[in-house]
Amino acid sequence: QVLRAMPRVKTLNSKKPPAGWDDIEDDMEEFTSRMREAVNETHEGKRKNETLWPIHRINWERSRYVYNKFYRDKEISRDLYEYCLKEKYADAALIAKWKKPGFEFLCCLAAIDKSSTNFQTTSICRVPLKQRQPGPQLPSVSAGCISCSSQEASRFGGPIWWDSDRPADLVAWAKAGCPTSAYQERAAQKGGGLKRKTEGSDEDGGQAKRAAKLAQEMDEDPGLEERSAALRASMGIE
């Protein structure tokens, strides 16, 4: 998963980028820098799967950036788009899934990998929130995504991640028709672009607190993943 998320190493024999690369090069380099930081981040105090959550998120954002540049905004050529896929600046396999109905905002391939769950089902983030039981909604253990169901994720411009700003009661919000708030509108307009940090921002501190709270909730409820899988199986979720 980590190797697939990193761009190819440039050498003297590397193919020259097509026209238009200069327009997106800085953004691609920033994504690569963020990915490198996520890969090298300390694993102390985290479960193995939790260390992959930021990698899945950055891989989604970077791939969506390229996807939107080509399909939505028409700002890059097909040659440049295919170059980005070939050089692994975007996840070609993930993008291929986005083109299928119901998978438009799929968070990562791990979420639909049935071999990684005890009940051979997809991750809980694929179950629409309105079909879930009321209460706190924890992220998928494998992906770090709370929901990438099309209707719900479309309101955010992408998956609802473990550290996303979100309504306090997600199930009630979904059953109410997913009303859009101001911050969701901004996220939808951004559509998976860069998430730059500003000096003095408490973003890292806030994420750390949310991650710690999630870890505590998971520890207090060790049977959560099994019950979630059983729920998906009973619903016939593939």
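In this predicted model, helix H2 passes helix H3 in a left-handed crossing. H2 covers residues 21-40, and its axis comes within 9 Å of the axis of H3, with the two crossing at roughly 165°. An angle over 145 degrees counts as roughly antiparallel, so H2 and H3 get that label. In plain words, the N-to-C directions of the two helices are roughly antiparallel.

Quite a list of side chains is involved where these two helices touch. On the H2 side, the residues in contact are Ile-24, Asp-27, Met-28, Phe-31, Thr-32, Arg-34, Met-35, Ala-38 and Val-39. On the H3 side, they meet Pro-54, Ile-55, Ile-58, Asn-59, Glu-61, Arg-62, Tyr-65, Val-66 and Lys-69. Sorted by class, this contact has 11 nonpolar, two polar and five charged residues. A bit of helix geometry is handy when reading such lists: an α-helix has 3.6 residues a turn, so residues three or four places apart point the same way.

H3 has a second helical partner, helix H4. H3 spans residues 53-72 and H4 spans residues 78-86, and the two pack at an angle of about 160° with their axes 10 Å apart. H3 and H4 are therefore roughly antiparallel to each other as well. The crossing of H3 past H4 is left-handed. Here Val-66, Phe-70 and Tyr-71 are the H3 residues in contact, and they meet Arg-78, Tyr-81 and Cys-84 of H4. By class, that contact has five nonpolar residues, one charged residue and no polar ones. Val-66 turns up again here: this H3 residue is on the list for H2 and on the list for H4.

What about H3 itself? The helix has 20 residues and reaches 26 Å from its first C-alpha to its last, close to the 28 Å expected at 1.5 Å a residue. Of those 20 residues, 18 are buried, so H3 is largely enclosed by the rest of the structure. Ser-63 is a good example of a residue in H3. With a relative accessible area of 0%, Ser-63 is buried, because the cut-off for that word is under 20%. Setting aside neighbours within four places in sequence, Ser-63 is in contact with Ala-90, Asp-91, Ile-95 and Trp-98. Arg-57 also lies in H3, and at 11% relative accessibility this residue counts as buried too. The C-alpha of Arg-57 is 8.5 Å from that of Cys-145, although the two residues are 88 places apart in sequence.

Cys-145 shows up once more in the surroundings of Ser-140, which touches Trp-53, Ser-123, Ile-124, Cys-125 and Cys-145, not counting residues up to four places away in sequence. Ser-140 is found in the loop between helix H5 (92-98) and strand S1 (145-147). Although part of a loop, Ser-140 is buried, with a relative accessible area of 2%. The C-alpha atoms of Ser-140 and Glu-50 are separated by 9.8 Å, with their positions 90 residues apart along the chain.

Two lysines stand out for their backbone angles. Most residues other than glycine have a negative phi. Lys-74, just after H3, takes a positive phi of about 55°. Lys-74 sits in the loop between H3 and H4 and counts as exposed, at 63% relative accessibility. Lys-88 likewise has a positive phi, near 65°, and lies in the loop between H4 and H5. With a relative accessible area of 31%, Lys-88 is partly exposed.

Stepping back to the whole chain, the secondary structure comes to 10 helices and two strands. From the N terminus on, the elements run α-α-α-α-α-β-α-β-α-α-α-α. The chain has 238 residues, and 45% of them are buried. Among contacts with a separation of 6 or more, 64% are between residues 24 or more positions apart. The pairing of Arg-57 with Cys-145, 8.5 Å apart in space, gives a feel for how residues 88 places apart in sequence can be placed in the fold.

Definitions and conventions: Residues are numbered from 1 along each chain as its sequence is written. This is a predicted model: local features need pLDDT of at least 70, side-chain atom pairs count only at pLDDT 80 or more; totals for chains, interfaces and linings use all residues. Side-chain values use heavy atoms; hydrogens and water are left out. Axes are lines fitted to C-alpha atoms, for helices over the stretch in contact, and angles run from 0 to 180 degrees between N-to-C directions. Helices (H or I, at least four residues) and strands (E, at least two) are DSSP runs, numbered from the N terminus. Angles under 35 degrees count as roughly parallel, over 145 as roughly antiparallel, 65 to 115 as roughly perpendicular and the rest as oblique. A crossing is left-handed if the near helix is turned anticlockwise from the far one by less than a right angle, and right-handed if clockwise. Contact means heavy atoms within 4.5 Å. Ala, Val, Leu, Ile, Met, Phe, Trp, Tyr, Cys and Pro count as nonpolar, Asp, Glu, Lys and Arg as charged, and the others, Gly among them, as polar. The expected span of a helix is 1.5 Å times one less than its number of residues. Buried means under 20% relative accessible area, exposed over 50%, partly exposed in between (1.4 Å probe, protein chains only).
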